[in-house]
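Let's walk through this complex together, beginning with the fold of one chain and ending with the place where two chains meet.

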Amino acid sequence: MTAGVMEDRGSGFVRLLPGIALLAVIGYAGKLTEVAISTFGKTHHMALPNIEYVLWAIVYGLILSNLIGVPAVFRPGVDTYEFWLKLGIVFEGVRFLIGDVFRLGATTLLFTVFVLCFSIIFMTWLGRRFGLSDKLTSLLAIGSSICGVSAIIAAKGAIDADDEEVSYAIGAILALGAFSLIGFPFIGHALHMSDQAYGLWAGLAVDNTAEATAAGALYSDVAAKFAILAKTTRNATIGFVVLGYAIYWGRKMGTRQAQSMAQHASFLWAKFPKFVLGFLLLSLLATLHVFDAAQIKDLANLSRWAFLLTFAGVGLRTNIRELTRQGWKPLLVGAAGEFAIAAVTLGLILLVAPHLTQ
Amino acid sequence: MTTRKRLSADWWAVLVALLAAALVKSGLLPHISW
């Protein structure tokens, strides 16, 4: 995981450089492709579709990792994509006034609670119907209700799940995340959704933070902003849901570990995504006019550069062969659950969209 | 083996962002274009 990678010091940092350079090259190639297509269209007076660098970076990463493979020397650096994602999210804080964060955050939190309840109940029911193990069902429910891979990994220790169950759940979540990059913008455009409504939908329904951000950025810059806010709010609930499952499994198995965790409020803090605090702090500083307009633009551009590295990493770490190697049942349950969650969230957003203000 | 607690990627992200924000604010970091 990135946390482990970032923990290395000295020579450890040098080991990261080849992979980070690879992320930069792939991401920048994506940006150049977007610019080249746009320039070609303008000079030849052709109306070409504007395909964002996000998609190109992901596609180039996918091609490299699946056709050629990522050499071992690049892997530690490629694993830092999650760090760049978090860094990009913290920078995004300057684009929000703190009042808006809490106002939109409160709206998002209401949606989040609804989506959480629905996905946990629905995934649990579906998993039981298909005869999946209770733990795998719990992992799929946690992954689809909060934040995909991070939540599944956080829950692994709490509910004492097997590695195989964890890889099944992660595979299902990642496969569906990859689909959302194509499906979500298509549906959003077909329904003529506003940037804000689409962004909230992507942030609430797409499970993995990197894919949710990418799905938002594929629609528009403003949509990405709202997708990040909705997803960050959802991520902030990770501790509560994992703690809930830890208590449930602790009671079911009578394990001391889960019971002692339930007794400690520090568990919630340990699972809380700390980068959210950085996002709030930069938002507060921007609200207090610590930065002028040019500086805010500079910081927002730094966020874009950090995301450029992230999206290259999304493509590079997606191994299609590994995704298809998993059993069909977890994928089917995951897919059915995801579609239901996406549809219910979409209905909810469309219902309240007229009342949302930018 | 060291027992010293190290920073997670979350905290690194916060620290790097704050450092970059300070550099932008002070003018030490040149204009960032996209």
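The notes below cover confidence, fold, core and interface.

This is a predicted model, in which local features need pLDDT of at least 70, side-chain atom pairs count only at pLDDT 80 or more, and totals for chains, interfaces and linings use all residues. Residues are numbered from 1 along each chain as its sequence is written, while chains are lettered from A and ligands numbered from 1 in the order in which they are written.

The predictor's scores come as a short table (pLDDT is its confidence in each residue, from 0 to 100).

| Score | Value |
|---|---|
| ipTM of the complex | 0.89 |
| pTM of the complex | 0.78 |
| Mean pLDDT of chain B | 85 |

In chain B, 85% of residues reach a pLDDT of 70 or more.

Chain A has 19 helices and 0 strands (DSSP runs of H or I, at least four residues, and of E, at least two, numbered from the N terminus). Of its 358 residues, 51% are buried, with 20 or more other C-beta atoms within 10 Å of their own, C-beta atoms being placed from the backbone.

The largest nonpolar core (buried Ala, Val, Leu, Ile, Met, Phe, Trp, Tyr and Cys residues joined through C-beta atoms within 7 Å) holds 109 residues. H17(A) gives the most to this core, with 11 residues. A:Ala214 is among the five members that touch the most others.

At the interface, 24 residues of chain A contact 19 of chain B, a contact being C-beta atoms, placed from the backbone, within 7 Å. Helices H1 (2-7), H5 (81-92), H16 (275-287) and H17 (293-316) of chain A each supply at least two residues of the side that touches chain B.

Note on methods: Contact = placed C-beta atoms within 7 Å. Buried ≥ 20, exposed ≤ 12 C-beta atoms within 10 Å, placed from the backbone.
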